[in-house]
Amino acid sequence: MSNPTEKHNKESITLPTSIDPFAWAIAGRSVKQTIAVKELGRLCSMLATDYGEVSVDIEFQVDKSGISSITGSTSASLELTCQRCLEPMRSSVASTVKMALLKDEKDEGGIPEQFESIIVEDEKLSIADFIEDELILALPVAESHPADQCEATQYMSDPSMSNPNSVEDKVKERENPFKVLEGLKTGAEN
Ligand SMILES: [Zn+2]
């Protein structure tokens, strides 16, 4: 039976935290998956909420000049803090990946301009960290809602909204410090 609405089984998918990227390049491996933003703690700490998903579509390869690289893209739908009203705002962040893998800084000279490069120590790379770094670098510096959708500008431009910050004193339900022992009537049954 065909299911027209593809179900996404995304529970607890994580990106590998320690691979040998040179071996992956030789093998021509790729990573194509979606993970929850909340899996990426450093990124989360820069966001308004940890809501959202990250799409990763990268390939490891060795090109004919012998350069091992990671190419592809990563993108995410993130909730940033609007710098005007300080409320969360949804934003799409994307990064194109074209990263040469180097074992040593001294190899940097031989890398064509279109590549960025990363020194891979001990032939170990965390794909999670790598993707997280890419997204952090791609984050907008100061993002805000479009003016007509931002609460802050609406208050400023609309004088009829005279009560912008009425803090409703919510009556919190307090726990009654005196326990009502209704269920414990003595001598009720004979
Ligand atoms: Zn705003």
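## Burial and contacts

In this predicted model, 18% of the protein chain's 190 residues count as buried. What about contacts along the chain? If you look at those between residues at least 6 apart in sequence, 58% of them join residues at least 24 apart.

## What the chain is built from

Going through the protein chain, you'll find four helices and five strands. Start at the N terminus and the elements come in the order α-β-α-β-β-β-β-α-α.

## The sheet

The five strands of the sheet line up as 1-2-3-4-5, the sheet is open, and the pairing is mixed. Which strands sit at the edges? Those are strand 1, residues 30-36, and strand 5, residues 116-119, and each of them pairs on one side only. On average, neighbouring strands here are turned by 30° against each other, if you ignore direction.

Now have a look at strand 4, which covers residues 88-102. Strand 4 runs parallel to strand 5, and four bridges join the two. To spot this pairing in the structure, find L101: it stands opposite I118 in strand 5.

## A helix on the sheet

Which helix packs on the sheet, touching strand 1 and strand 4 among others? That's helix 3, made of residues 127-138. Besides strand 1 and strand 4, helix 3 touches strand 2 (53-62) and strand 3 (68-81). As for how helix 3 lies, its direction makes about 125° with that of strand 4.

How values were computed
Residues are numbered from 1 along each chain as its sequence is written. This is a predicted model: local features need pLDDT of at least 70, side-chain atom pairs count only at pLDDT 80 or more; totals for chains, interfaces and linings use all residues. Two strands pair if DSSP finds at least two bridges between them. Axes are lines fitted to C-alpha atoms, for helices over the stretch in contact, and angles run from 0 to 180 degrees between N-to-C directions. Two residues are in contact if their C-beta atoms, placed from the backbone, lie within 7 Å. A residue is buried if 20 or more other C-beta atoms lie within 10 Å of its own, exposed if 12 or fewer, and partly exposed in between; C-beta atoms are placed from the backbone.
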